[in-house]
Amino acid sequence: MEHNQETPIEPINISLNEFGVFDQNNFVVLDDAKHVIGIDASDAGNLIIENVKNSKAKKFTVTKFDNKHIKNLYYHEDTNSLYCGDFNGQLYKYKVNFKRKTCEKYNYYGDLGIGWIISSHRFLQFVFFGGSEKKIKVLDLSSDQLLPGNLDTSIEYIYSLKVCVKSLKEIYLAVSGAGFDYSDDKTDLFEVSSILHNDTVNLRKYYSTFSID
C-alpha cells in the first residue's frame with residue numbers, strides 16, 4: 001500500500017490513557033472496535049478498560065489485582081471473560097460488565113507451574129499459555145478446566161504460540177521465543193490433534209473454512 005506524504009493518516013480514535021505493553025498479549029481490542037483493555041503503564045498491577053469512541057473517553061474501571069504484575073491478557077468475547085496471567089505464574093479469570101462498568105474476579109486457577117505467564121493463543125475452545133520455564137499449559141474453555149500435565153518445549157521464554165492446521169489429522173503448535181535447548185529430543189513444534197479430538201465438529205468447520213483443497 002502506497003501513502004501520499006502530503007495527506008497524513010488521521011487516527012479514528014485516540015486513547016487518553018497510557019498502557020504498558022511489554023509482551024505480545026498485554027493489550028486487547030474488543031470486536032466492537034470501541035473498548036480496549038490493557039495494563040496500566042504506571043502500575044503493572046492495575047488494569048485499564050477504556051471506551052475510545054467517546055470524545056471524553058477515560059478509564060471507567062481500574063481494578064487492583066491480587067497479582068502485582070500482570071504479564072498476559074486473553075479476552076473471551078462470548079462470555080465477557082478476561083484471563084490474566086501474572087509474573088508469579090498464576091492465572092485469574094475476571095468477568096467484565098461494560099454496562100455496569102465492573103471487572104470482578106470469577107475464578108482462580110492457581111500457579112500453572114510454567115514460570116511467568118508471558119504468552120497465550122486460542123484455537124477453537126483451547127487456550128495455550130506459554131511460560132518462562134519451557135512449558136505450556138492448556139485451558140479448555142468449554143469446561144473452564146486446565147488439561148492435566150503440560151507441554152515441555154525447547155524454548156525457555158515462550159513469547160509466541162500459533163496453531164497451524166495442515167489437515168484434520170495434522171495439527172501443529174509452533175513455539176517461538178528466547179533461549180533454547182534442543183537436547184533430549186526437545187522441540188518447538190508439537191502435533192496436537194489428539195488434544196482437539198473432542199471438538200471434531202468445530203474443527204471440521206474451521207478446516208472447511210480455510211482449506212484450499
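The following paragraphs lead through the sheets, the nonpolar core, the salt bridges and the exposed features of this structure.

The model is a predicted one, in which local features need pLDDT of at least 70, side-chain atom pairs count only at pLDDT 80 or more, and totals for chains, interfaces and linings use all residues. Residues are numbered from 1 along each chain as its sequence is written, and side-chain values use heavy atoms, with hydrogens and water left out.

A suitable starting point is the open sheet of four strands, whose order is β5-β6-β7-β8 with antiparallel pairing. Strands here are DSSP runs of E with at least two residues, numbered from the N terminus, and two strands pair if DSSP finds at least two bridges between them. The edges of this sheet are formed by β5 (70–76) and β8 (102–111), each of which pairs on one side only. From one strand to the next, the twist averages 20°; the axes behind this value are lines fitted to C-alpha atoms, and angles run from 0 to 180 degrees between N-to-C directions. In general, strands of a sheet pair through backbone hydrogen bonds, either parallel or antiparallel.

Although β5 is an edge strand, seven of its seven residues are buried, so β5 is largely enclosed by the rest of the structure. Buried means under 20% relative accessible area, exposed means over 50%, and partly exposed lies in between, with a 1.4 Å probe and protein chains only. Six bridges join β5 to β6 (residues 81–86) in the antiparallel sense, and among the paired residues His76 has Ser81 in β6 as its bridge partner. The hairpin of these two strands has four residues between them, and Asn80 takes a positive phi near 55° there.

At the other end of the sheet order, β7 (residues 90–97) and β8 pair in the antiparallel sense over eight bridges. Lys93 stands opposite Asn107 in β8. Lys105 is also found in β8, and its C-alpha atom is separated by 6.1 Å from that of Lys93, although the two residues are twelve apart along the chain. Lys105 counts as partly exposed because its relative accessibility is 46%, whereas Lys93 is buried.

Another open sheet has three strands in the order β14-β15-β16, again with antiparallel pairing. Its edges are β14 and β16 (189–191); each has a single partner strand, so one side of each is left without a neighbour in the sheet. Neighbouring strands are turned by 20° against each other on average, direction ignored. Three bridges join β15 to β16, with Leu189 in β16 as the bridge partner of Ala174.

Strands β14 and β15 also contribute to the largest nonpolar core. Such a core is a set of buried Ala, Val, Leu, Ile, Met, Phe, Trp, Tyr and Cys residues joined through side-chain atoms within 4.5 Å. This one has 18 residues, and those with the most contacts inside it are Phe128, Ile136, Leu161, Leu173 and Val175. At least two core residues come from each of β10 (126–130), β11 (135–140), β14 (155–167) and β15 (170–180). The largest share, four residues, is supplied by β14.

The structure holds five salt bridges, a salt bridge being a side-chain nitrogen of Lys or Arg within 4 Å of a carboxyl oxygen of Asp or Glu. One of them joins Lys71 to Asp23, with the closest N and O atoms 3.1 Å apart. Lys71 lies in strand β5 and Asp23 in the segment before β1, so this pair ties together parts that are 48 residues apart in sequence. Both Lys71 and Asp23 are buried. Lys93, met above in β7, forms a salt bridge with Asp144 at 3.3 Å between the closest N and O atoms. Asp144 lies in the loop between β11 and β12 (145–146), so the pair ties together parts that are 51 residues apart in sequence. Asp144, like Lys93, is buried.

A further salt bridge links Lys186 and Asp184, with a closest N to O separation of 3.8 Å. Here Lys186 is partly exposed, at a relative accessible area of 28%, and Asp184 is exposed, at 67%. Asp185 lies in the loop between β15 and β16 and has a positive phi of about 65° although it is not a glycine. With 77% relative accessibility, Asp185 counts as exposed.
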